Amino acid sequence: KAAAAVFDVPSGDVLPWFHGALGRDESAALLGGGPQAAGRYLVRFASTPRALCLSYVCGDGRKKKSLIRNLGVRGYEIDGVSQTFFSLRDFFIGAEDILRVPVASALHEDSKLFGADAASAAAGAGAPAGDAAGDSIYDFIGDAGAGADDGAGADANRNG
């Protein structure tokens, strides 16, 4: 179930909105800005183990982010949303009015060309032991961990 969060199950491709190990500044640059960028979103690894960071542009052009936590068999929890979701796909379907335009990732293109194993390695799955937490797909799909922010302070759903 956890691997299905960032991989398309039938094809094995990385989902188009997943960017892997992408920094905050790179994320902000890819999203663009202003009202014309409203609805754009992407997902990247967070610095918190077993978590992802959803970055998006609001209707007024402000950038925000929310932490996505893997709760194991209980599903996924998204900061700022009062319910848990069985899959990230369920969340994105319910958020289509806000999250309308996924920012295409190079990992998605790589997985289509070279297979999911190559894209997973490029995303950080093949990182050596001792690398920073949150840099590996295996950090996200492992057992759910204690909640913390993505390194940006206690409010992970802040402007950003």
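Reader: Where along the chain is His19 found with respect to α1?

Author: This is a predicted model, and in it His19 is found in the segment before α1, the helix that spans 24-31.

Reader: Is His19 buried or exposed?

Author: A residue is called buried when its relative accessible area is under 20%. His19 has a relative accessibility of 11%, and therefore counts as buried.

Reader: Which residues is His19 in contact with, leaving aside its neighbours within four places in sequence?

Author: With those neighbours set aside, His19 is in contact with Leu30, Leu42 and Val43, and also with Val103, Ala104, Ser105 and Leu107.

Reader: Before going further, how many helices and strands does the chain have, and what pattern do they follow along the sequence?

Author: The secondary structure comes to 5 helices and 6 strands, and reading along the sequence gives the pattern α-β-β-β-β-β-α-β-α-α-α. Of the 160 residues of the chain, 43% count as buried. Among contacts with a separation of 6 or more, 56% are accounted for by residues 24 or more positions apart.

Reader: How should I read a helix such as α1, and which of its residues are buried?

Author: The general idea is that an α-helix has 3.6 residues a turn, so residues three or four places apart point the same way. In α1, the residues Ser27, Ala28 and Leu31 are buried. Seen down the axis of α1, these buried residues fall within an arc of 95 degrees, so they line one face of the helix. The face turned away from that buried side carries the exposed residues Asp25 and Ala29.

Reader: What do the buried residues of α1 pack against, and what follows the helix?

Author: The buried residues of α1 pack against three strands, namely β1 (40-45), β2 (51-57) and β3 (63-70). The helix lies across β1, β2 and β3, and runs at about 160 degrees to β1. After α1 comes Gly32, whose phi is positive, near 80 degrees.

Reader: In what order do the strands lie in the sheet?

Author: The 6 strands form an open sheet in the order β5-β4-β3-β2-β1-β6, and the pairing is mixed. The edge strands are β5 (84-85) and β6 (101-102), each of which pairs on one side only.

Reader: Which strands does β1 pair with, and in what sense?

Author: β1 pairs with β6 in the parallel sense over 2 bridges, and Arg40 has Val101 of β6 as its bridge partner. With β2, by contrast, β1 runs antiparallel and is joined by 5 bridges; Leu42 has Ser55 as its bridge partner in β2, while Phe45 stands opposite Leu52. β1 and β2 form a hairpin with 5 residues between them, and in the turn Arg50 has a positive phi of about 60 degrees. Of the 6 residues of β1, 5 are buried, so the strand is largely enclosed by the rest of the structure.

Reader: How should I read the two faces of a strand, and which residues lie on each side of β2?

Author: In a regular strand the side chains alternate between the two faces of the sheet. In β2, Ala51, Cys53, Ser55 and Val57 are on one side and Leu52, Leu54 and Tyr56 on the other, and all of these are buried, which leaves both faces covered. The count agrees, as 7 of the 7 residues of β2 are buried.

Reader: How many bridges join β2 to β3?

Author: The two strands run antiparallel and are joined by 7 bridges. Ala51 stands opposite Arg69 in β3, and Val57 has Lys63 as its bridge partner. β2 and β3 form a hairpin with 5 residues between them, in whose turn Gly61 has a positive phi of about 95 degrees.

Reader: What does Val57 touch, not counting residues up to four places away in sequence?

Author: Val57, whose place is in strand β2, touches Leu31, Gly32, Gly34, Ala37, Ala38, Gly39, Arg40, Arg62 and Lys63. At 1% relative accessibility, Val57 counts as buried. The C-alpha atoms of Val57 and Arg100 are separated by 9.9 Å, although these residues are 43 residues apart along the chain.

Reader: How many disulfides does the structure hold?

Author: A disulfide is a covalent bond between the sulfur atoms of two cysteines. This structure holds 0 disulfides. Cys53 is buried, with a relative accessible area of 1%, and Cys58 also counts as buried, at 13% relative accessibility.

Key: Residues are numbered from 1 along each chain as its sequence is written. This is a predicted model: local features need pLDDT of at least 70, side-chain atom pairs count only at pLDDT 80 or more; totals for chains, interfaces and linings use all residues. Side-chain values use heavy atoms; hydrogens and water are left out. Helices (H or I, at least four residues) and strands (E, at least two) are DSSP runs, numbered from the N terminus. Buried means under 20% relative accessible area, exposed over 50%, partly exposed in between (1.4 Å probe, protein chains only). Contact means heavy atoms within 4.5 Å. The arc is that of the directions from the helix axis to the C-beta atoms. Two strands pair if DSSP finds at least two bridges between them. Axes are lines fitted to C-alpha atoms, for helices over the stretch in contact, and angles run from 0 to 180 degrees between N-to-C directions. A disulfide is a pair of cysteine sulfur atoms within 2.5 Å.
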